[in-house]
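Hello,

Here is the structure I promised to pass on to you. Please have a look at it first, and then read on for what turned up.

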Amino acid sequence: QVHLVESGGGLVQAGASLRLSCAASGRTFSRYAMGWFRQAPGKEREFVAAIGRNTGSFAYADSVKGRFAISGDNSRSTVYLQMNNLKPEDTAVYYCAAKDTSYDYYYTDGHDYDYWGQGTQVTVSS
């Protein structure tokens with residue numbers, strides 16, 4: 001079992017940056033592949049970014065490539081999502097997720113994940 005807590009969301013203007021954090025507690029963090037997803041009002045949850053358990057492999061949604069960066073710090077049991085040049089369409093609740101896996105690989109399908117955080121709101125004004 002692992003418990004995930006997101007932080008770092010807020011209200012910003014278009015073009016600004018935010019860094020989301022997802023702190024994990026419980027079992028050994030390095031056994032988990034991690035992902036970030038988001039859900040805007042009236043829309044389905046969508047993939048944003050993912051990282052393999054050894055932080056050596058990454059994947060991004062096309063909509064955030066070049067603007068967002070995922071990273072992990074196994075010593076702090078934390079995964080980050082650096083979001084630059086934010087746009088109003090990035091407004092959503094952002095969730096981190098963890099998948100218990102033996103493979104150093106990323107996962108882009110939310111159904112693959114075992115644990116979810118409670119989410120943090122990101123609002124980008126135009």
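**What I found**

Let me start with one residue, Ala14, which sits in the loop between strand 2 (10-13) and strand 3 (18-26). Please keep in mind that this is a predicted model. Ala14 has a relative accessible area of 42%, so Ala14 counts as partly exposed. Leaving aside residues up to four places away in sequence, Ala14 touches Leu86, Pro88, Val124, Ser125 and Ser126. Lys87 is another residue to look at here: the C-alpha atoms of Ala14 and Lys87 are 5.0 Å apart in space, although 73 residues separate the two in sequence.

Now for the chain as a whole. The protein chain has 11 strands and zero helices, and reading along the sequence gives the pattern β-β-β-β-β-β-β-β-β-β-β. For 126 residues, a compact globule would have a radius of gyration near 14 Å; the protein chain has 13 Å, so the two agree. If you would like a feel for the dimensions, the C-alpha atoms fill a box of roughly 40 × 30 × 25 Å along the principal axes.

How much of the protein chain is buried? Buried residues make up 44% of the 126 residues. The accessible surface of the protein chain comes to about 6300 Å², and carbon and sulfur atoms hold 44% of that surface. Among the contacts with a separation of 6 or more, 61% are between residues 24 or more positions apart. As for charges, the protein chain has 12 positive and 12 negative ones, and their mean positions are 4 Å apart.

The aromatic rings are worth a visit too. A search of the whole structure finds seven aromatic pairs. One of them joins Phe37 and Phe47: the ring centres are 5.7 Å apart and the planes are at 70°, so this pair is edge-to-face. Phe37 belongs to strand 4 (residues 32-39) and Phe47 to strand 5 (residues 46-51), so the pair ties together parts that are 10 residues apart in sequence. Both Phe37 and Phe47 are buried.

Phe37 also forms an aromatic pair with Tyr113, again edge-to-face, with 5.4 Å from centre to centre and 80° between the planes. Where do the two partners lie along the chain? Phe37 is in strand 4, while Tyr113 is in the loop between strand 9 (92-100) and strand 10 (115-116), so this pair links distant parts of the chain, 76 residues apart. Tyr113 is buried, as is Phe37. If you display these side chains together, add Trp116 to the view: ring pairs link Phe37, Phe47, Tyr113 and Trp116 into a cluster.

One last residue for your tour is Thr91, in the loop between strand 8 (78-83) and strand 9. Is Thr91 buried or partly exposed? At 22% relative accessibility, Thr91 counts as partly exposed, since buried means under 20%. Not counting residues up to four places away in sequence, Thr91 touches Ala40, Gln121, Val122, Thr123 and Val124. Val124 is thus a residue you have met before, among those that Ala14 touches. Arg27 is 64 residues from Thr91 along the chain, and their C-alpha atoms are separated by 31 Å.

Enjoy exploring, and best wishes!

Terms used. Residues numbered from 1 in each chain as written. Heavy atoms only, no water. Helix = DSSP H or I, 4+ residues; strand = E, 2+ residues; numbered from the N terminus. Rg over C-alpha atoms; globule rule 2.2 N^0.38 Å. Buried < 20%, exposed > 50% of the residue type's maximum accessible area, 1.4 Å probe, protein only. Contact = heavy atoms within 4.5 Å. Areas by Shrake-Rupley, 256 points an atom, 1.4 Å probe, with all protein chains shown as cover. Lys, Arg positive; Asp, Glu negative; His and termini not counted. Charge placed at Lys NZ, Arg CZ, Asp CG, Glu CD. Phe/Tyr/Trp six-rings, centres within 6.5 Å; stacked < 30°, edge-to-face > 60°.
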